[in-house]
Every structure is written in C-alpha cells, then in structure tokens.
Amino acid sequence: MSDEEDVNQEDMADEWAAAMEQQAEEEGAQAAESVELDEFDAVAPLATTEGNPDLDVILDIPVSISMEVGRTSITIRNLLQLNQGSVIELDRLAGEPLDVLVNGTLIAHGEVVVVNEKFGIRMTDVISPAERIKKLR
C-alpha cells in the first residue's frame with residue numbers, strides 16, 4: 001500500500017471515529033431526556049478514556065459497503081424475459097455520481113476510477129454524520 005493510501009485510510013478512520021463519538025453523544029443526550037433515572041442503573045456504561053467513548057471496541061467490526069449505479073422497477077413478466085444482451089434503463093443519467101452505501105445507509109457519492117486494473121470509487125461528496133443520523137430517525 002502506498003503512503004498516500006495509508007494517510008487516506010487514517011483520515012477516514014479518524015472521520016469515522018469522530019462521527020461515532022458524535023452519534024454516541026447525541027444518543028446519550030436523547031436517552032437522558034426520555035429514560036427514567038432508575039433505568040440507567042440497568043445499562044452498563046461505555047468504557048471511557050478522558051471523557052471520550054472507547055471506540056477501539058467497534059473499530060474492527062466488519063460492515064458491508066456497496067456502490068449503487070441506479071435503480072428501476074420492472075414487472076415480473078419483463079424480468080422473466082431478460083437474457084444475455086438485454087438492457088435495463090436505470091433512473092440515473094450517464095455521468096451522475098454513484099451512491100456509496102454502508103450497511104444500506106447512504107454515506108457518500110462518488111465516481112468510478114480504475115486503480116491497478118481494478119475498479120474503485122473516488123468519494124466526491126461525503127454526507128455529514130449529523131445528516132446521516134437525521135435520516136436514521
């Protein structure tokens with residue numbers, strides 16, 4: 001791996017850590033508003049380091065990342081008629097950015113690139129953690 005890729009992965013890991021920390025803080029504030037005080041005794045507190053949640057616990061959890069070119073709806077009749085060479089029209093224009101999904105949640109938009117004869121995706125617009133949290137609600 002090149003030094004540039006290492007730096008990009010470190011930056012991405014830092015961004016994810018910050019997003020997870022922000023999400024944990026917002027969820028904690030929300031829970032404090034809606035949960036009775038005696039219910040907090042039953043919940044195990046997060047391990048903390050200098051007031052920040054210990055994110056090392058979750059950093060090695062695998063997630064599924066996918067890129068979506070576009071979508072469409074067709075009838076079962078048309079689906080059964082598909083064969084080699086069939087073309088399906090999608091809801092996106094050529095050249096439009098792809099959606100980057102993590103566990104089915106939109107996190108970014110990007111464009112296709114080729115790196116060492118393999119397809120990759122260059123992130124062109126990353127959705128802020130606050131916007132992602134709003135979409136979850």
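**Close-up 1. The hairpin formed by strands β4 and β5 in this predicted model.** Strands β4 and β5 form a hairpin with 2 residues between them, and N103 in the turn has a positive phi of about 50 degrees. The two strands run antiparallel and are joined by 5 bridges, with β5 spanning residues 105-115; within this pairing, A108 in β5 is the bridge partner of V100.

**Close-up 2. Strand β4 and its covered faces.** In β4, which comprises residues 98-102, 5 of 5 residues are buried. L98, V100 and V102 lie on one side and D99 and L101 on the other, and both of these faces are covered. Strand β3 (residues 65-68) also runs antiparallel to β4, to which 4 bridges join it, and here E68 stands opposite D99.

**Close-up 3. Salt bridges of E68 and D99.** E68 forms a salt bridge with R71, their closest N and O atoms being 2.9 Å apart; E68 is buried, with a relative accessible area of 17%, whereas R71 is exposed at 52%. D99 forms a salt bridge with R92, with 2.4 Å between the closest N and O atoms; D99 counts as buried at 12% relative accessibility, while R92 is partly exposed at 21%.

**Close-up 4. The salt bridge between E111 and R122.** The closest N and O atoms of E111 and R122 are 2.9 Å apart in this salt bridge. The pair links distant parts of the chain, E111 in strand β5 and R122 in strand β6 (residues 118-126), 11 residues apart. E111 is partly exposed, with a relative accessible area of 35%, and R122 also counts as partly exposed, at 47%.

Conventions
Residues numbered from 1 in each chain as written. Predicted model: local features only at pLDDT ≥ 70, side-chain atom pairs only at ≥ 80, totals over all residues. Heavy atoms only, no water. Buried < 20%, exposed > 50% of the residue type's maximum accessible area, 1.4 Å probe, protein only. Pairing = 2+ DSSP bridges. Salt bridge = Lys/Arg side-chain N within 4 Å of Asp/Glu carboxyl O.
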